Amino acid sequence: MRQLLARHRALLLLIAVAASAQLAASAFHRDPIASDTESYVTPARNLAAGRGFLGMEPPSFSVADDPRYPRSMGPETFRTPGYPLFLACVFSLGGGIAAIILIQRLLTIGIAAAVYCFARSATGSDRIAVTAGLICACFPPLATAADLVLTETLFTCFLLAAVMAAEAALRRSSVRFAALAGVASACTLLIRPIALFFSVPMAAVFLIRRRPRIVLATVYLAAFSVLPTAWMIRNRSVSGVATVSTSANVNSLFQWGAGIAVTEHASHWYRLTAMQRESGVRAPLHRIRASLLAQAFDLARRDGFDLRALNATRQSRYLARIASQRIRSHPMALIELMFSAIVEMHVIEPALIATSFGIDSRVAMMLIPTALAALGFTLTGLYILWKRTRNLALVLAATIVYFTVTSAIPEPDIRFDAVFAPEYSVALAAGLVYVWSPSRERANRDGMRGPS
């Protein structure tokens with residue numbers, strides 16, 4: 001027993017730190033119910049009661065309760081089933097919101113421990129492993145996400161599993177791990193539709209790095225496709241349209257379509273800094289959505305349909321057409337707004353999250369240089385990993401870049417950073433270890449294993 005404790009002392013210490021961080025976060029009592037929590041809880045309670053996967057369509061937050069767009073209970077097509085299934089299991093066992101938060105806190109502690117094990121296995125460095133685990137254990141967006149009845153914590157677990165399996169498949173040329181990575185990636189998609197195209201960069205990594213390239217990429221894609229295909233068949237049977245989720249169509253109009261509509265006559269500099277302005281795009285977004293919805297009604301009317309008479313899936317296709325017209329007409333506005341959103345996610349929001357823990361907002365803004373430094377260390381870490389363990393560098397970079405770009409919407413939220421917190425922590429730890437090393441030789445000896 002003593003030998004076991006000595007062998008895993010660092011891991012046990014890390015778990016203790018992660019647990020302490022969760023206890024410290026729990027001292028700040030935040031409301032676990034967010035604006036879109038209802039859209040997960042409603043189908044979960046229907047599942048737990050045996051009524052099937054039913055929900056309110058469309059979600060109220062997406063259309064601001066417009067009376068022309070009435071809500072009704074029906075087959076859920078906006079939310080994918082992953083998180084509601086998790087909630088339904090808790091509800092079926094007699095648990096409530098408090099039990100969900102407790103489980104998510106325990107999962108967050110497990111994520112920090114898994115990051116330590118992953119970094120140690122992938123880099124061969126105890127220093128990077130411990131540093132990465134500590135960063136992940138104390139990562140504020142991850143702690144904040146665990147407090148909310150939302151998808152981020154569960155999503156992060158499966159995304160980390162997919163990344164770990166993909167790295168193992170690349171390092172070992174393992175078909176088995178490639179298949180496991182595909183299944184885990186599919187689970188992330190069924191938790192949050194934002195992962196719809198995550199298989200593209202991951203398959204590209206398999207094709208770039210290892211032989212048998214085609215075999216590994218094919219196995220990964222085949223394993224990935226099974227669960228989403230089954231869900232698309234279900235949606236076709238209940239709505240007449242084979243789709244994973246209607247959320248992409250709804251969000252494309254009420255986020256990007258609205259953002260472009262608000263700023264289409266603004267200067268390039270305004271759009272590049274839109275989210276950082278006190279009079280930015282957030283407030284006008286809610287006002288412009290009504291006119292965009294009216295355009296969708298007009299488009300459906302020209303096709304001979306009343307938008308209110310269509311089911312939610314077919315309604316969302318008209319929303320997507322209006323959004324597509326806006327985006328195609330103003331591609332530069334999309335790029336500039338996305339840049340502003342990325343700055344908000346990686347620089348401004350990480351500093352302002354300190355206000356959730358009782359720190360004055362003016363003091364919190366002084367943490368912006370720290371956020372910039374962390375971003376610089378992360379980029380340095382990815383570069384060093386590319387020199388030493390390219391498989392790991394590619395998988396981490398693909399994950400961080402993909403979820404940064406797809407989360408960069410006109411209404412960014414710090415909890416979006418939580419989903420790639422483990423990968424960010426490993427890259428940041430590699431950069432810190434490299435910079436702290438007094439010489440390149442020591443960094444190469446103690447920091448990482450040789451090229452892969």
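**Figure 1. Contacts between distant parts of the chain in the predicted model.** Of the contacts in the protein with a separation of 6 or more, 74% are made by residues 24 or more positions apart. Burial is shown alongside these contacts: 52% of the 452 residues count as buried.

**Figure 2. Secondary structure and overall dimensions of the protein.** The protein comprises 22 helices and two strands. Its radius of gyration is 23 Å, close to the 22 Å given by the globule rule for 452 residues, so the protein is as compact as a globular protein of that length. Along the principal axes, the C-alpha atoms fill a box of roughly 70 × 50 × 45 Å.

**Figure 3. Surface and charged side chains of the protein.** The accessible surface amounts to about 19,800 Å², and carbon and sulfur atoms contribute 64% of this area. The protein carries 44 positive and 26 negative side chains. The centres of these two sets of side chains lie 11 Å apart.

**Figure 4. Close-up of S173 in the loop between α9 and α10.** The preceding helix, α9, spans residues 152-172, and the helix that follows, α10, spans residues 175-191. Within this loop, S173 has a phi near 50°, a positive value in a residue other than glycine. Most residues other than glycine have a negative phi. The relative accessible area of S173 is 28%. Because this value falls between the 20% limit for buried residues and the 50% limit for exposed ones, S173 is classed as partly exposed.

Terms used: Residues are numbered from 1 along each chain as its sequence is written. This is a predicted model: local features need pLDDT of at least 70, side-chain atom pairs count only at pLDDT 80 or more; totals for chains, interfaces and linings use all residues. Side-chain values use heavy atoms; hydrogens and water are left out. Helices (H or I, at least four residues) and strands (E, at least two) are DSSP runs, numbered from the N terminus. The radius of gyration is taken over C-alpha atoms; the globule rule is 2.2 Å times the number of residues to the power 0.38. Buried means under 20% relative accessible area, exposed over 50%, partly exposed in between (1.4 Å probe, protein chains only). Contact means heavy atoms within 4.5 Å. Accessible areas come from the Shrake-Rupley method with a 1.4 Å probe; for residues, only the protein chains shown count as cover. Lys and Arg count as positive and Asp and Glu as negative; His and the chain ends are not counted. The place of a charge is taken as NZ of Lys, CZ of Arg, CG of Asp or CD of Glu.
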